[in-house]
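Please open the model in a viewer and keep a selection panel at hand. The tour proceeds stop by stop, each with a selection to make and a note on what is found there.

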Amino acid sequence: MWIYIILVFLYIIFLNAIPLVFAILSNGNAVPCLGLKDLAIGKIDDIYGIFTEDKLLKYWDMSNRQIVQCKDCGLKYACNDCRSLETRLGASIDKKITCRR
């Protein structure tokens, strides 16, 4: 159990990616993060399709390494990344506006 918690912590800190989670909302929509409620990747009725069609995997693999402004930055592994926060502030899912560099 502790090893799993440590691995998830290291995954979030060093890869700055959406951790290996997803949420099912009360309306049956599956989303990659509770903060990204408008970004439905499928319905609970087709939970198998969410995993087999890589709908969820593209969000799990998303990190600062894929963001244009971040991929060449020397601070990309020290920077915190929250796709939900960025989209709420007006950026698209693959852009970052909170960086001051």
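**Ser-84**

Select Ser-84 first; the model under inspection is a predicted one. Ser-84 counts as buried because its relative accessibility is 9%, under the 20% limit for that class. The residue belongs to helix H4. Now display the residues around Ser-84: beyond the neighbours within four places in sequence, Ser-84 is in contact with Cys-33, Gly-35 and Leu-36.

**The whole chain**

Zoom out and colour by secondary structure. The chain contains four helices and three strands, and their succession along the sequence reads α-β-β-β-α-α-α. Of the 101 residues in the chain, 32% are buried. With a surface representation switched on, the accessible surface comes to about 7000 Å², and carbon and sulfur atoms hold 62% of it. A contact map offers a further view: among contacts with a separation of 6 or more, 39% join residues 24 or more positions apart.

**The sheet**

Select strands S1, S2 and S3. They form an open sheet in the order S1-S2-S3, with antiparallel pairing. Which strands are at the edges of this sheet? The edge strands are S1 and S3, each of which pairs on one side only. Between S2 and S3 the antiparallel pairing runs over two bridges. To see how the strands face each other, select Asn-29, which stands opposite Lys-43 in S3.

**Ala-40 and Ile-24**

Move next to Ala-40, in the loop that links strand S2 (29-31) to strand S3 (42-43). Ala-40 is partly exposed, because its relative accessibility is 44%. Residues touched by Ala-40, apart from those up to four places away in sequence, are Asn-29, Ala-30 and Val-31.

Add Ile-24 to the selection and draw a C-alpha to C-alpha distance: Ala-40 and Ile-24 are 9.5 Å apart in space and 16 residues apart in sequence. Ile-24 is placed in strand S1 (residues 23-24). With a relative accessibility of 38%, Ile-24 also falls in the partly exposed class.

**The nonpolar patch**

Keep Ile-24 selected and add Phe-22, Ile-44, Ile-47, Tyr-48 and Phe-51; together with Ile-24 these residues make a nonpolar surface patch of about 550 Å². Which helix supplies the largest share of the patch? Helix H2 (residues 47-52) does, with three residues.

**The cysteines**

Select the cysteines. How many disulfides does the structure hold? The number is zero. A disulfide is a covalent bond between the sulfur atoms of two cysteines. Cys-73 illustrates the case: its closest cysteine sulfur is that of Cys-99, at 5.9 Å, so the pair is too far apart for a bond; the cut-off is 2.5 Å. Cys-73 is buried at 18% relative accessibility. Cys-70 is buried too, with a relative accessible area of 6%.

**Lys-96**

Select Lys-96, in the segment after helix H4 (83-88). Is Lys-96 buried or exposed? Lys-96 is buried, because its relative accessible area is 5%. Display its surroundings, leaving aside neighbours within four places in sequence: the contacts of Lys-96 are Asn-64, Ile-67, Gln-69, Cys-70, Cys-79, Asn-80, Asp-81, Arg-83 and Glu-86. Cys-70, from the previous stop, is thus one of the residues in contact with Lys-96.

**Asp-94**

Asp-94 also lies in the segment after H4. At 37% relative accessibility, Asp-94 is partly exposed. Beyond its neighbours within four places in sequence, Asp-94 is in contact with Ile-67 and Arg-83; both of these residues also appear among the contacts of Lys-96. The C-alpha atoms of Asp-94 and Arg-83 are 7.9 Å apart, and the two residues are 11 residues apart in sequence.

**Arg-101**

For the final stop, select Arg-101, which is likewise found in the segment after H4. Arg-101 counts as exposed because its relative accessibility is 68%, over the 50% limit. Excluding neighbours within four places in sequence, Arg-101 is in contact with Cys-73, Gly-74 and Leu-75. Draw one last distance: the C-alpha atoms of Arg-101 and Leu-75 are separated by 9.5 Å, with their positions 26 residues apart along the chain counted as separation.

How values were computed. Residues are numbered from 1 along each chain as its sequence is written. This is a predicted model: local features need pLDDT of at least 70, side-chain atom pairs count only at pLDDT 80 or more; totals for chains, interfaces and linings use all residues. Side-chain values use heavy atoms; hydrogens and water are left out. Patches are made of residues with over 30% relative accessible area and no salt bridge: like charges are joined within 9 Å, nonpolar side chains (Val, Leu, Ile, Met, Phe, Trp, Tyr) within 5 Å. Accessible areas come from the Shrake-Rupley method with a 1.4 Å probe; for residues, only the protein chains shown count as cover. A salt bridge is a side-chain nitrogen of Lys or Arg within 4 Å of a carboxyl oxygen of Asp or Glu. Buried means under 20% relative accessible area, exposed over 50%, partly exposed in between (1.4 Å probe, protein chains only). Contact means heavy atoms within 4.5 Å. Two strands pair if DSSP finds at least two bridges between them.
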